[in-house]
Amino acid sequence: MTKIDDLLTSLQRNPKNVRFSDLCNICDHYFGEPRQKKSSHCVYKTPWQGDPRINIQNDKGKAKAYQVKQVLLAIEKLEVNHGTKK
């Protein structure tokens, strides 16, 4: 397994204790570079209509659990829509 696969498995097992930098690495891999990165937030663009962004926030070095869950749902949607794993 690759580092991204290991990180993704870790996120799925425990979304409450995730380092912000790990979540950024996952989002960079699946969604590309963020549109915004200068503040405590990183905003990533997604390829679908409706709510086409992922917004994650640095909370003292950790990612917020509800945002981790949003990222996991977005990755699942991405894989279903494109039929492949990146």
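Begin with the whole surface: the protein exposes about 5600 Å², of which carbon and sulfur atoms supply 48%. What you have open is a predicted model, and it is worth keeping that in mind at each stop.

Stay with the full chain and colour it by secondary structure, which comes to three helices and three strands, running α-α-β-β-β-α from the N terminus on. The radius of gyration is 12 Å, close to the 12 Å that the globule rule gives for 86 residues, so the protein is as compact as a globular protein of that length. Turned along its principal axes, the C-alpha trace spans about 35 × 30 × 20 Å. If you then colour by burial, 36% of the 86 residues count as buried. For the contacts between residues at least 6 apart in sequence, 43% join residues at least 24 apart. Should you display the charged side chains, the mean positions of the 16 positive and 9 negative charges are 5 Å apart.

Next, select Leu23, Ile26, Phe31 and Ile56, the residues with the most contacts inside the largest nonpolar core, a set of 24 residues. At least two residues of this core are supplied by each of α1 (3–13), α2 (20–31), β1 (41–45), β2 (53–59) and α3 (65–82), and the largest share, seven residues, comes from α2. In soluble globular proteins, nonpolar side chains tend to be buried together.

From that group, centre the view on isoleucine 56 and show its surroundings: leaving aside neighbours within four places in sequence, isoleucine 56 is in contact with ten residues' worth of labels to switch on, namely Phe20, Leu23, Cys24, Cys27, Ser40, His41, Cys42, Tyr44, Gln67 and Val71.

Move on to threonine 46, which has its place in the loop between β1 and β2. Is this loop residue, threonine 46, buried or exposed? Its relative accessibility is 2%, under the 20% cut-off, and threonine 46 therefore counts as buried. Not counting residues up to four places away in sequence, threonine 46 touches Phe31, Asp51, Pro52, Arg53 and Ile54; Phe31 is also one of the core residues selected earlier.

For the last stop, select alanine 63 in strand β3 (residues 62–63). Alanine 63 has 6% relative accessibility and so counts as buried. With residues up to four places away in sequence not counted, alanine 63 touches Val18, Arg19, Phe20, Leu23, Gln57 and Val68. Finally, draw a distance from alanine 63 to leucine 78, 15 residues apart along the chain: their C-alpha atoms are separated by 21 Å.

Methods: Residues are numbered from 1 along each chain as its sequence is written. This is a predicted model: local features need pLDDT of at least 70, side-chain atom pairs count only at pLDDT 80 or more; totals for chains, interfaces and linings use all residues. Side-chain values use heavy atoms; hydrogens and water are left out. Helices (H or I, at least four residues) and strands (E, at least two) are DSSP runs, numbered from the N terminus. The radius of gyration is taken over C-alpha atoms; the globule rule is 2.2 Å times the number of residues to the power 0.38. Buried means under 20% relative accessible area, exposed over 50%, partly exposed in between (1.4 Å probe, protein chains only). Contact means heavy atoms within 4.5 Å. Accessible areas come from the Shrake-Rupley method with a 1.4 Å probe; for residues, only the protein chains shown count as cover. Lys and Arg count as positive and Asp and Glu as negative; His and the chain ends are not counted. The place of a charge is taken as NZ of Lys, CZ of Arg, CG of Asp or CD of Glu. A nonpolar core is a set of buried Ala, Val, Leu, Ile, Met, Phe, Trp, Tyr and Cys residues joined through side-chain atoms within 4.5 Å.
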